[in-house]
Amino acid sequence: MLANHDDQRQTMLKTLIIDNYDSYTFNLLQLCSNVANIVVIRNDQFSWDEFKENVLPHFHNIIISPGPGRPERASDFGICAPLIEAQLDPAQIKFHRPIFGICLGHQGIAHIFGGKVTYAPRIMHGRLSQIHTLNDGALFESCSSPFWAVRYHSLVVDKCSLPDDLVLTAYCEEDDADVEALRNATYIADRDVEEGVEESHHFLAHPSSADSSDRANVVTVMGFQHKSLPLWGVQFHPESVSTEYGAQMISNFAQESYKWYKSNGIEMMLDEPMNPTIRSLSALSAHVSQAKSPKSRLRFVSKTIEAYVAPEHLFERLCAEAHGVSWLDSSRKGSPYSTMSILAVDPAFTMTYSTLHRRVDMMNRHGHRQSIRLNEKDDYFRYVSSILNDYELEKDDAVQSFCGGLVGYFGYEMKRESITGYTTPKEQRCSSESCNCSQEPDAGFQFVDRFWTFDLKARQVHLCCLIRDERIDSEQQTMQQRVGFDSDEAMNAWLSYAEQAVQQAAETVRRLSLAADYMSMTPASSTPSTPVPRMGADSSDLFVTEAQHDRYLDAIKQCIHEIHEGESYEICLTTRFRTGLADAVGHRTDLWRLYSHHLRKNNPAPFSALLHFPTCDMSILSSSPERFLSISATGVAEMKPIKGTMARALECVCPKEEAYMHCEDNELCLARRLAEDERRKQALWQDVKERAENLMIVDLIRNDLAQVCRPSTVRVPKLMHVETYEKVHHLVSTIRGVLHPHVTSVEAVKTCFPPGSMTGAPKLRSVQLLDQLEGHRPRGVYSGCLGYFSLDGSADFSVVIRTAVATNVSEQVEISVGAGGAVTFLSDPEQEWRETLLKTKSVAPSIREFLS
């Protein structure tokens, strides 16, 4: 009974986590049983004097997080250095606390006690090693040895320099045990029914190995503890989803902390609640939005009609009269995510935003314009959230994932307002109002209050709109209040028009189909006099790149150097390619056909989109395959990163000497092809480089979601499952969590923005490095996210890749396409450049075809 009592008391310990601006820190919350008593602060949030007098007295123990850089550098380690130094000073005994240092924290303890931090024998980011524990390591109590742990580090503590006071408790060998384990394991196919609670598939089996004690001199330090002080450190990441016994280690730390207080006769005051002022200091507090009372009540109306037409045919009919376009278009038929399309051509109002000028430019459907300048304490995410909070939605029983709201994008430069600790460099600042910032705004949204939705599987069209409960005098309405119909008569008139538009489009398609059938049965009297343009294999001459070959290679080499120095685990370097359309575009509808007739057909994707913003005459033509973040109306957040691709075996793979005409019809040929397809699945699943990149993003996403979700709800039901599509296999993971009750979908997007797959990790340091490496040139819409915020609280956004952005530059339409890739320590600069060029070809062929 006493042991159980002590266990219960240990959960009452108040724990401080010092975040060294890492992208994995908040994953620690998922391992802790005392989340209600945990506060997270940044390493530069307080001076040492402020910290030791006003913050430290309120906590029983401390976890020092991983982070970029070196512990010798004050800007990287902040208050962690004087905190550890205080543990050495008997005169500062009141500041002594049990401390658990992870990665950078581990290195910092060793450094301050006299150890040497040096380069690792191998740079390890997202790779797994077997950790061997020694008998006197209290932190590893009840942890089998060896166990798997994930490593993200370029630096280590030199074993030979480990001071006598720090006792080695864990080590690893620099082998390829993970490669061996994967070689003897079978891939996991994606099946929804296998979403288990235990998530045991996150860990690999342990390959058998001979006793390695005779190789102890060449091992890497993975853990230590102080001989007499309550200090522990581990080099690996216990908070990673693929590290075994992470929660056990945190529990052991709490147990050892509790023992230290009892053995030293120090009163813990466990029954005292956390001081509310101290709790408000937590980095978590910044991510909790307060609900506001809505000002306007809107009713959502949906009508399902009998006629059906594909969205592209309805768009053809509507585009000539469109004032703004919001077309979220699931154009890839074979994708499980291609279930619905949304089309709107007459938004209630459109707004764009510049971070540098803090200015919102708005225009309603009647052409009235206004500009609003945000104050220094506000940001555009809060402004968007306030607009959505102005409305209360009354919804019928119709099942709709979008019930009206904001459709648009956040461009990459919105990082200036989303990343904690980020400061806009002086090289990017703009003081002139007559600059080019408005050509490609940092963000843009349209309020959609009348639209068509297409159920692509059931082949149904729904007419959707919003109607206000009260009539407001038009002269007294703000732009936001001019949303929805103000009478049933106006609503019914639009519903009639919307249905007629579908019927007319369907009739046009029917007539064209009959004409095509007739032409196919009529003998051709002559061959065409105008040849059909053919695409060249190389489209690189179509664009001018912002970063030329040599300059881009130098940037890649600098990325590799920064990773070697421990500044980042992975850096996503990009550039932009530009081309002018000259006289090819006489009207904006010509440009939209570049999307509807070419891009969506040549490169169909589940998150395709066409957006047009009349306030700046900019169009976004996207064929993105990757979801960024979806949030249900009940607050369930899901992110589903795709990292790892392998082409399927769809053609004959028989040896040339055995192949013959119609070989694919032969049973032996089919069996060989199926076997080769299985081999490719296995090869993808066991590729350690692909798995490392996937795991880095999974852990980063878990960290982002843990800041806005209840930590215990953040789960990875699927880790690196193989999903099979028509032409490729993908390595896909699923991460879910349930938002805190008062966290809005906008706040969730802000916290997770920019997409980690477009920055690297740690996110803040990687973005700061990218500013310099990319010459402080804006990425624009590219690398941001695109989608919707629905009035029912749901949201769905994709990552903006494989996208063309059309802007007006000097009276000419200019197209820009962003491309790049994740640079790791093992990257080959020339190969990275070739892959960057290759990625433009998801869009370039469609542009060349359009120009032809």
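Helices, meaning H or I runs of at least four residues, and strands, meaning E runs of at least two, are DSSP runs numbered from the N terminus. With that naming in hand, the predicted model can be toured element by element. H776, for instance, sits in the loop between α18 and β31 (785-790). The backbone is noteworthy here: H776 is not a glycine, yet its phi is positive, at about 60°.

The overall picture comes next. The protein chain holds 20 helices and 34 strands. Of its 852 residues, 59% count as buried. Contacts across the sequence are also a feature of the fold: when residues at least 6 apart in sequence touch, 78% of those contacts join residues at least 24 apart.

H776 has a companion in M720, another residue other than glycine with a positive phi, in this case near 55°. M720 belongs to strand β28, which covers residues 715-724. Its setting can be stated as well: M720 is buried because its relative accessible area is 3%, and the cut-off for that class is under 20%.

Two cis peptide bonds deserve a look, each leading into a proline. One runs from S145 to P146, with omega near 0°. P146 is placed in the loop that links β5 (117-133) with β6 (147-157). The other joins A761 and P762, where omega is about -5°. P762 is located in the loop between β30 (760-761) and α18 (763-773). Helix α18 thus appears again, as the loop that holds H776 lies between α18 and β31.

Helix packing can be followed through two pairs, beginning with α4 and α5. The axes of α4 (residues 80-87) and α5 (residues 104-112) come within 10 Å and cross at roughly 50°. This angle is neither under 35 degrees nor in the range of 65 to 115, and α4 and α5 are therefore oblique to each other. Their crossing is right-handed. On the α4 side the contact is made by A81, I84 and E85, and on the α5 side by G108, I109 and I112. By type, the residues of this contact divide into four nonpolar, one polar and one charged.

The second pair brings together α14 (residues 588-602) and α20 (residues 844-851), whose axes come within 9 Å and cross at roughly 130°. What does this angle make of the pair? Since 130° is not over 145 and lies outside 65 to 115, α14 and α20 are oblique to each other. The crossing of α14 and α20 is right-handed. From α14, the residues in contact are D590, L594, H598, L599 and N602, and they meet S846, I847, E849 and F850 of α20. This set divides into four nonpolar, three polar and two charged residues.

Helix α14 can be described further. Its 15 residues reach 21 Å from the first C-alpha to the last, close to the 21 Å expected at 1.5 Å a residue. Buried positions in α14 are T589, L591, W592, L594, Y595, S596, H598, L599 and R600. An α-helix has 3.6 residues a turn, so residues three or four places apart point the same way. In this helix, L594, H598 and L599 are both buried and part of the contact with α20.

Several individual residues round out the description. D178 is found in helix α6, residues 177-183. Is D178 buried or exposed? D178 counts as buried because its relative accessibility is 3%. Leaving aside residues up to four places away in sequence, D178 touches R127, L128, W148, L204 and V688.

K259 and S432 offer two further examples. K259 lies in helix α7 (residues 246-263) and is partly exposed, with a relative accessible area of 43%. In sequence, K259 is 249 residues from Q10, while their C-alpha atoms are separated by 9.5 Å. S432 is found in the loop between α11 (415-418) and β18 (443-448). With a relative accessible area of 30%, S432 is partly exposed too. S432 and L356 are 76 residues apart in sequence, and their C-alpha atoms lie 9.9 Å apart in space.

Definitions and conventions. Residues numbered from 1 in each chain as written. Predicted model: local features only at pLDDT ≥ 70, side-chain atom pairs only at ≥ 80, totals over all residues. Heavy atoms only, no water. Axes fitted to C-alpha atoms, helices over the stretch in contact; angles between N-to-C directions. Left-handed = near helix turned anticlockwise from the far one by under 90°. Contact = heavy atoms within 4.5 Å. Nonpolar A, V, L, I, M, F, W, Y, C, P; charged D, E, K, R; others polar. Expected span 1.5 Å × (residues − 1). Buried < 20%, exposed > 50% of the residue type's maximum accessible area, 1.4 Å probe, protein only.
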